[in-house]
Each structure stands twice: as structure tokens, then as C-alpha cells.
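The following paragraphs guide a new reader through the structure shown here. They begin with a single residue and then widen the view.

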Amino acid sequence: MSATVAKTVAARLGLNPKYLPLAATISLFVAMAIVGSVLYPGFFSAQVFLNLLIDNAFLIIVAVGMTFVILSGGIDLSVGSVIALTTMVSAALVEHRGWSPAVVIPLVLFMGAAFGAFMGFLIERFRLQPFIVTLAGMFLARGLCYLISVDSISIASDSYSTLAQWRLPLWEGASLSLGALIAIVVLLAAVFIAHHTPFGRAVYAVGGNEQSAVLMGLPVRATLVGVYTLSGFCSALAGVVFTFYMLSGYGLHAVGMELDAIAAVVIGGTLLTGGVGYVAGTLVGVLMLGIIQTLISFDGSLSSWWTRIVVGALLFVFCLLQRLLTSRRPPSS
Amino acid sequence: MSDTFFSRMTELLRHRLAWPLLTLFLLLAVNTAFNASFLHMEWRDGHLYGSLIDILNRAAPLVLVSLGMTLVIATRGIDISVGAVVAIAAAVAAWMIGGSVSGSVSRFPMPLAILAALGVALVCGLWNGLLVARIGMQPIIATLILMVAGRGIAQLITDGQIITIYYTPFFFLGGGYLLGLPFSLFIAAAVFAALYLAVTRTALGLFIQAVGINPTAARVAGVQARRLVIAAYAFCGLCAGMAGLLISSNVKSADGNNAGQLLELDAILAVTLGGTALTGGRFSLVGSVIGALIIQTLTYAIYSLGVPPEINLVVKALVVFVVMLLQSPEFRAEIGVLLRRPAPRGSAR
């Protein structure tokens, strides 16, 4: 019943039903921005919106990697702990061993990609459930953090703080950080990969129906490993950006980040069953999470835990919307 | 003679619980080898003291959650919100008992507080079950919602503080003794016994397996698949609620942010270690209890061997990887080929 209602509403508006979640997210984002601008003085400024990018740069990067995994029909729960591991390894190598960031950064990026590839290999080769493999990966990466050090290692290296403080001035009173710039580049690259490369098409095909993808002669196995490698790489890159942001390495960094990333992807309109969704939608999803936090901090009277409750509620609404759109038969049959 | 012995042995090893039990005994042996007083128990102040009792007492919440998780996993589901439900139940109980510093005053009567905490946990479980069975969400996503929001709700109840409980009777749940044994043991044992009887003496176990193996076929055969799934999640929530009560009573406080942190992972690990297939269908309650005990013994071993406790997570991760691979038919087939290849053909008979 309600599924058909949603579809007719979408049809009346001249909208493909599969765009509906994304359209809903964008309108909600605009509505929240308007509400914020009306209620709180100083909310409507370029820097507030640019800060959404700056403060969530790492989340954008992680969520982009997660989008590919979810599009392929899988899930990656290890991203948060891979970020923590990246900050920890970077901090330990730069501070305790005195390595140059020019060596450390490529090394940690390679490490993240290799970690993802290992999990992808297990998932693809032995037909294990992505959920449980990446869960074990999450344990492993966090555990490795604690093996390096239980305490937080702060980074005093000049090159890191220079990179962290670097700003790209856009116009009067508005600027972007290096992390935000990296996030934008990653996003553009991901849009290109998803829609204009054989790999991107294979990801959509595998997520849509793995059997058909095999029958079509697509490299399903390589695609699956590739998707987790990409996610691992994105997590490590997010970890590098996170290191710039926090200037420290700590095993408890980015706890629960995987949930935020999954929430952002879902709110951005990607179907959890795989095969349908947009990388650009993920950006809107992240900005949505960001603006909720900004609204709550602008309000000042709401406590921080409201963020989690609101995010949970949003997640619920969007999952419900997805179910309504994808159910082909009435649920009562 | 030796042939029959070996075939007996292999038969024994094929038993579902053989490997979990072997692991547990191995861990106990390691503990005993490094710490001679490990098995020692003594009667002091009217109750038993000893490392084994300590392990059992600490494992009780995990055993409870693992039992609930077993049913959920057997119906092809997963519940990653148990940690959040533990936090919510603990917060509700702590709030209702109140932070009055004198040890004998509580805001509401304690039975009411316990019932309220369990009721809220049950509602959480029902909510998960409805999302999965009625709306048809993927279990991991449906429970993810509560996992995200649950910690927020728990903090909302505790107002972001760690509520310290001073009401002495409440401590009996997680720290008291009955007949010389920790009271939490009796709770875990009672839940296990009730569930075990329900699963083996009624058709419930059969129904759960049927739903886990093929939900459509089960529904066609007349099993109320949807109701069963909802009940499984509700039970899992209830178990998490009981675990929350035990934990908050044991640490005499409720922490919305950290209570039951990573408990869902331990519970899933315990269930897998016990031989329940993650793909649903085949399940073993005894196995899950053994799995939970393995995890607690492992933790104890890591602490008592003087290994840095940080290594705990790495060890657990490696255990999950190994168990996962052993459960995978593809991996078994590959290892089988590797093992068979070097042997000459004639000797196989």
C-alpha cells in the first residue's frame, strides 16, 4: 500500500522513485539549513558551511569507500579502527622513529589498502560473510593500536603541524583546510570511478545480482577484492586526514566511525541491498550528519547525545523509506 | 584394536561440542600450568572463593547475552544492539533506584526498578524484531539503528553522568552469594535451563532451525516464522537487559557511554565458537555457554600470564579468523585437498 503511495507521489513529481531517498535527504538538508539560519544568528555564513566540509573531511573519505562496499552488497565494519591504526602508526613512526612524513604517509596508505585487500580476499575466496570478517578486522586493527601504545601519542613534528594549519583562502573570511581539499578530490575521483570505469560498472553489477554478474563474464572476484581494498585505502587516507585534524595517534580515535559512515551512506540514498545508489549522495549524507551536529552545537541547550538519537531516528526513517521503495509486493503476503 | 580406537576418537572429534570443549580444557590447562593455584578453591566467609568461581561470575552476563544471540543467529539474524540495550537497562535501573547516598533508600521499590529495566529491554528487543520481521530490514541494519540511538538514549536517561548506586540490596544481583555460589550464576543457569527445556522438550527448537534453514519453506510448512523471529529478538533484548542489571549491580554504577561496550562482538564470538552456524539453522545452546566461558577464561589467562591486556583484542581477532575459516566449506575443501594430496592412493582405504 504505502509503497505504491510513495511511488505515485514520486511519479506525480516527475521523479524516478530511485531518486526519492536522495531527494528527501537534499530537501531535509536545505530545510535544516533554513531553520538554522532563521533561528541562530551567524549560522548563515559561508564558513559555517565550509566547516561542515572541514570537520567532516575524514568522514567523507571513509563514507566514499563505504559506498563502494555497500554498492557491491557488502559491509565494512573495520573502517573506524583502521583510521585509529593509521593515526597510531603515523604518530609512532614520526615521533618515536623520526621518520619523514613523506615516507610515513605512503606507507600507511599502502598498509590500509593491504588490510582491506586481505579482508576482501577472505570474503571472496572462502565465501565468508563480509560482516563477520570485517568485524574481526575491526578487533585486529584496534588490538594492533594497543600493541603500539596504550596511551595517546601527540605529534609535535613541524611538517605535520604545517600541513594541519595550511588553509586555502577562498574569499574574504572563508577558507578550506587540506583535509577538506583531499576529501573533495577523493569524492570527485570516486564519482568518476563509479560511473565512468569498468570497475565502477562491475561494482554496481555485482551488487545488483552476483550470479548475473558472473554469467555476464564480469570479473566478480577481482571486483570484490578491489572494493574492500578501496575501502581500506580510503580508511587509511581518512586516517591521515584525521591525524592532521587531531595531531595525535590514539587507539580510541574514531570509535564508532563505521556507524557514522554507514549512516551517511544510507541517508545519502544508497540501498543497503546493493546495486543502487550514488557516491554524490554520500556527500549529502555526511553533510546531513554534520549539520545536525552544527545545529545542536549552535543551540547550546541540547546535550551532545541528542546527536546520536537524531542520527538513529534518521537512519530508521531512511531505512523505512528504502524498504517501501524496494518492496515489490505488499508485506502482508 | 588401534583402528577402532582411532575411529572412536574421530567420531568423538566430529561431535559438535568436541572442539569448543577441547579449547576450553586447553585454556584451563594453560592457566593451571602457569598458575598452580588456579584450580584451588576454598570456603571463606560462607562462600566459595577461587579463580574458577571468579571466571564463572564474570562470564554470567556474557552467557546470558550469548544465549539470546544464539536464538537470533539461528533464525538467520544478528543483533548488534545488545551492548546498547545493556547500557539502557543499566541506566533505567540506576535511575529508578536513584543516587541517594544512604544505602537503604531507593527512589522506587527495587522489584519495580528491575521490572522496568527488563521491560524496557524487552521493548528494545521487540522493536528490533518488528523491524526485521514486519518491515523486512536486514538484521544488521535494523539493529544498527538501536545500536546508534541506544547509547544516546542511555545517556539521556543518566543525563550524561555515570550514576553511582548506593542502594545495598541491589548489589546482591551481581555481587551476592546464594548457597556459597555467586547469585549471577543462578540467574544464568535458570535462563539456560528454561531455554534448553523449551528448545528440546517442545517443538520450538525444530521451528527455529526450520526458519533458519529456509524461512520460506518454514512458512509454507505452517511455522509462524514471523512471530518466531520477533520472539527471538525480544528474548535477546530481555537477555541483554538481565546482563545489564548484573553488570550495573556488579560495578555499582551505570555508565551510558561505556556499559556493555563491545559486548555484542564478544557475544557473537561466543556463539560462533560454540559451533552455531552464522548462516542460520544449526545452533547449540550448550556450545554458546562454552563459547562464553572460553572467552572469559581466555581473558583471565591473558591477565594472569602477565601478558599485556592490550593483546586481548588481537588474540580474539585471530580466534575469530580461525573459527570463521574452519566453518567455511570452501576452506575445508581446500585444506582437504592439501592434506590428501601427499598421501598415496592405496593407503586411503
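B:Gln296 counts as buried because its relative accessible area is 15%, and the limit for a buried residue is under 20%. This is a statement about a predicted model, and it can be followed by locating the residue in its surroundings. B:Gln296 lies in helix α13 of chain B, which covers residues 285-304. When residues up to four places away in sequence are not counted, B:Gln296 touches B:Ile55, B:Arg58 and B:Ala59.

A residue of chain A may be read in the same manner. A:Thr294 belongs to helix α14 of chain A, formed by residues 279-299. With a relative accessible area of 15%, A:Thr294 is buried, since the term applies under 20%. Apart from neighbours within four places in sequence, A:Thr294 is in contact with A:Phe43, A:Val48 and A:Leu52.

The view may now be extended to chain B as a whole. Chain B contains 15 helices and six strands. Its C-alpha atoms fill a box of roughly 80 × 55 × 40 Å along the principal axes. What does the radius of gyration indicate about chain B? For 349 residues, a compact globule would have a value near 20 Å, and the 22 Å of chain B agrees with this.

The interior and the contacts of chain B add to this description. Of the 349 residues in chain B, 52% are buried. Among its contacts between residues at least 6 apart in sequence, 77% join residues that are at least 24 apart.

The outside of chain B can be described by its area and its charges. The accessible surface amounts to about 16300 Å², and carbon and sulfur atoms account for 67% of that surface. Chain B carries 21 positive and 13 negative charges, and the mean positions of these two groups are 13 Å apart.

It remains to ask how confident the predictor is. For chain B the mean pLDDT is 80, and 91% of the residues reach 70 or more. Where in chain B does pLDDT stay under 50? This applies over residues 344-349, for which the model has zero contacts beyond four places in sequence. For the complex, the predictor gives an ipTM of 0.74 and a pTM of 0.81.

Technical notes
Residues are numbered from 1 along each chain as its sequence is written. Chains are lettered from A and ligands numbered from 1 in the order in which they are written. This is a predicted model: local features need pLDDT of at least 70, side-chain atom pairs count only at pLDDT 80 or more; totals for chains, interfaces and linings use all residues. Side-chain values use heavy atoms; hydrogens and water are left out. Helices (H or I, at least four residues) and strands (E, at least two) are DSSP runs, numbered from the N terminus. Buried means under 20% relative accessible area, exposed over 50%, partly exposed in between (1.4 Å probe, protein chains only). Contact means heavy atoms within 4.5 Å. The radius of gyration is taken over C-alpha atoms; the globule rule is 2.2 Å times the number of residues to the power 0.38. Accessible areas come from the Shrake-Rupley method with a 1.4 Å probe; for residues, only the protein chains shown count as cover. Lys and Arg count as positive and Asp and Glu as negative; His and the chain ends are not counted. The place of a charge is taken as NZ of Lys, CZ of Arg, CG of Asp or CD of Glu. pLDDT is the predictor's confidence in each residue, from 0 to 100.
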